[in-house]
Amino acid sequence: KDEEKAPDTINHVGEQWKVISGDYNLVDVTIGGGFKQGSAANIGSFYLNGGTGSFDLNFDGIHKEDVFSYTEDNGSISIISVSQNVGSGANVSQSVIAMNGEMTATTIELNGTVVKQATTGSSAGTFTLSLTDLVLEKQ
């Protein structure tokens, strides 16, 4: 059975940069999660909009998206984002996005990680995504 893409929960705004090549390692320690690795070609896109951005990625049926801040300086790009949320009871989440690379007018080369941890009631989960030699092409 083909898995359907989960609906977007983030409004992706800005210039679209499609992932055209690279590799990924995904560890999703939540219910139904697991370990996946492979080619990052055509897994989705990053969106850049004047210092803020987002990504929308799919890994064999696992949909991940998030927002981040970034800086550009003399052909380099740095994506750093740390967020924490504390809700009522035992609901706590933390997200860290750290990537860097080189950027031209038409391509971006990135390496980095995304780590998300969440505790909801008595269950906990961790999601770690490592992206290596990722090449993005401006759409």
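**Strand pairing around β4 and the largest pocket**

Strands β3 and β4 pair in the antiparallel sense, with six bridges between them. This pairing, like everything described here, belongs to a predicted model, and it makes a handy entry point into the fold. Two residue pairs help to place the register: G44 has L57 of β4 as its bridge partner, while S45 is bridged to D56 in β4. The two strands form a hairpin with two residues between them, and there G50 adopts a positive phi near 60 degrees.

On its other pairing, β3 (residues 44-49) meets strand β1 (residues 15-29), again in the antiparallel sense, through four bridges. Here E15 stands opposite L48 of β3. Strand β3 is mostly covered, as five of its six residues are buried.

Strand β4 also pairs with β5 (residues 62-73), in the antiparallel sense and over eight bridges. Within this pairing, N58 is found opposite H63 of β5. A hairpin with two residues between the strands joins β4 and β5, and D60 in its turn has a positive phi of about 45 degrees. Strand β4 is largely enclosed by the rest of the structure, because six of its eight residues are buried.

A closer look at β4 is worthwhile at D56, which lies in this strand, spanning residues 52-59. The relative accessibility of D56 is 8%, so this residue counts as buried, the cut-off being under 20% relative accessible area. The side chain of D56 is not without a polar partner: a polar contact of 2.5 Å links it to the side chain of H63. D56 is thus involved both in the bridge with S45 and in a side-chain contact with H63.

The neighbouring strand β5 contains K64. With a relative accessible area of 19%, K64 is buried, and the cut-off of under 20% is what places this lysine in that class. Leaving aside residues up to four places away in sequence, K64 touches D28, F55, D56, L57, F59 and F127. D56 is therefore one of the residues in contact with a second charged side-chain residue, K64, which is itself buried.

Turning to open space, the largest pocket holds about 210 Å³. Its lining comprises 15 residues, and those nearest the centre are S93, Q94, K116, Q117 and A118. Several strands contribute to this lining: β5, β6 (76-86), β7 (92-103), β8 (107-120) and β9 (123-138) each supply at least two residues. By class, the lining consists of nine polar, four charged and two nonpolar residues. Strand β5 thus appears both as a pairing partner of β4 and as a contributor to the pocket lining.

For the chain as a whole, the secondary structure amounts to nine strands and zero helices, running β-β-β-β-β-β-β-β-β from the N terminus on. Of the 139 residues in the protein chain, 33% are buried. Among contacts with a separation of 6 or more, 50% join residues that are 24 or more positions apart.

Definitions and conventions
Residues numbered from 1 in each chain as written. Predicted model: local features only at pLDDT ≥ 70, side-chain atom pairs only at ≥ 80, totals over all residues. Heavy atoms only, no water. Buried < 20%, exposed > 50% of the residue type's maximum accessible area, 1.4 Å probe, protein only. Polar contact = N/O pair within 3.5 Å; in protein donor to acceptor, adjacent residues only side chain to side chain. Pairing = 2+ DSSP bridges. 1 Å grid on protein atoms, 1.4 Å probe; cavity = no way out; pocket = protein on both sides within 12 Å on 5 of 7 lines; lining within 4 Å. Points joined across faces, edges and corners; volume = space filled by probe spheres on them. Nonpolar A, V, L, I, M, F, W, Y, C, P; charged D, E, K, R; others polar. Contact = heavy atoms within 4.5 Å.
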